[in-house]
Amino acid sequence: RHKQKYLLQLARTMQYQKQFYNAAIVYKDYLKELKKSNPTRIQIEQEIVRCLNGLKINKKENVAIVEPLGTTLNTVNDEFAPIPSINFQGKYYFSAVKSKVLDAKKNLFSPLQSDLFTIEDNNGNWSAIHSLGAPFDSPKNEMILDLIDKGNGIVFLRSSNESDAEIMFKSFSSNGVEEDVQLDLPLNVNKGDRDLCFFQDSIIIFSSNRPGGYGGYDLYLSIKRGGTWMPPKNLGADVNGPFNEVSPFIAKDGQTLFFSSNDLESIGGYDVFKVKFKPESNNWSIKENLGIPINSAGNELQFRLDRSGRSGVFSSDRWDKTIGGKDIFIAYFKDELEEQFYEESGTVLPIFYSEHSIPTKAMEGTSPKRDTFQKVKEYTIDFISSGDDDFLSDTKKQNVITEVLKLLKLYPNSQLQIIAHSNSSSNVMINLFTSIKKSNEVANSFISKNINSNRIKSIGCGSEYLVCKSNGQTNAFANNLNNRIEFHFLFGNKEKANINYSLLKLNENLRLNPLYQFHQSRLGISYSILLGESTQMLSQDITI
């Protein structure tokens, strides 16, 4: 037994010191000391696989430099769940386990509990940590989950034991801190749901060990439709597996997902991975290990990128550079991450979500019964090519127009957006004018069929959202796709329908942007500016 304990400790030490080859050899020696019936053999065999994986990853070039987040922050207790501020560069929110001074003279302290704090980087000089105060330092444990409402509110977990946890929201106003409220979300933290992240306050991804998954903790997606959170959907086998997937984070592009997993592709414990949703094929990319030094043989959790994409923060219990327990680290990337270049103007994740029923009443954090749902009719709408001057006379395109017209009549309170695009054959102004003209042409075809013009919105995008490369040549195939018209429905509160918009499937070498990118970029906003009216194309640029 003494030899077994020695070999196991030696193997783990080598694994933490990135001596993966030697660690694998010692793990094998440890296996020889175990009986074949010993249940721990499977775990040791898995660690050998992780060591061999670490051996390959360690040969790759480091993508970042990692160091502790401030010498005043990390202590012998746990510091975890760091989240960069949305509105203030260099400011971070985090959770930490500390005790409070009850009576300094009598040297009395409260039991250890987790509360919420902030710290700021002032040109390389870290400030002292500051408590967020009430209600983030109540007698219960608080853990930050995410920032919502454009950074003006905090979503956090409050609990005193495993059976009374609740997800709370607190909004900050100019007059101080408003009352905290319990959020109504489609998850139950008292029944195995955890690690929540938001995107634009209308999409959540969380981790759960609920029945029906792939094993351990899986990642689930829910979207808000008509003010109601839809039933969570498993992200599938491209993301989830027989091990645990936790700590999700969605990048600003709305389709790149970071998370932690302790599967066999890690180098030990939980590693940080990333995947990207591919709307053209409705699946996820092969997950990528972020590598060393972000990952270690310890547990790397709660990874979050800052707003610029130049750094990311996470918690880790790695052996080097830690003071004790979980500490918070910052990774400075050598290259800016492309997924953070964009502003959060939309996401293609709703394409992945294919649930065809919605709850008749707000969910209460538990999986609803079948009788709480009503079936919603589902329709599929294609886009049409508008490359020819007489494109509306084509039979196939007329069929699409007819289907759209049927929906407009079937749902009299609905509105239709007609979004026209052009190729880049001319200058920007001509391309824009051409797309507006064709959008109006389609709109008039509906108005002539007794559809009220107030229900129709014509939009011209010009050549800003090309979807197919032409390789610098006259390419009929590319022109056919870039000159296109997309349709999008907006339904009234009492109208329920799911519209599936046909996706464009293209080879990666030809594809420029996802279809419906313009529509996704403006979800939740609508505005119009009248610059002037004209009966013919402008001959010169508009200056404002």
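Asp149 sits in the hairpin of strand 9 and strand 10, where four residues lie between the strands, and Asp149 takes a positive phi near 55°. Keep in mind that this is a predicted model.

The two strands of this hairpin are worth a look. Strand 9 covers residues 141–148 and pairs with strand 10 in the antiparallel sense, over seven bridges. One bridge joins Asp146 to Val155 of strand 10. Strand 10 itself, residues 153–159, is mostly covered, with seven of its seven residues buried. Gly153, Val155, Leu157 and Ser159 point one way from the strand, while Ile154, Phe156 and Arg158 point the other way, and all are buried.

Next come some backbone features elsewhere in the chain. Most residues other than glycine have a negative phi, and most peptide bonds are trans. Here are two residues with positive phi and two cis peptide bonds.

| Feature | Value | Place |
|---|---|---|
| Gln302, positive phi | near 60° | strand 24 |
| Asn450, positive phi | near 70° | loop between helix 6 and strand 32 |
| Ala134 to Pro135, cis peptide bond | omega near 0° | Pro135 in the loop between strand 8 and strand 9 |
| Ile292 to Pro293, cis peptide bond | omega about 15° | Pro293 in the loop between strand 23 and strand 24 |

Are Gln302 and Asn450 buried or exposed? Gln302 has a relative accessible area of 16%, so Gln302 is buried, given that buried means under 20%. Asn450 reaches 74% relative accessibility and therefore counts as exposed, the cut-off for exposed being over 50%.

Note on methods:
Residues are numbered from 1 along each chain as its sequence is written. This is a predicted model: local features need pLDDT of at least 70, side-chain atom pairs count only at pLDDT 80 or more; totals for chains, interfaces and linings use all residues. Side-chain values use heavy atoms; hydrogens and water are left out. Buried means under 20% relative accessible area, exposed over 50%, partly exposed in between (1.4 Å probe, protein chains only). Helices (H or I, at least four residues) and strands (E, at least two) are DSSP runs, numbered from the N terminus. Two strands pair if DSSP finds at least two bridges between them.
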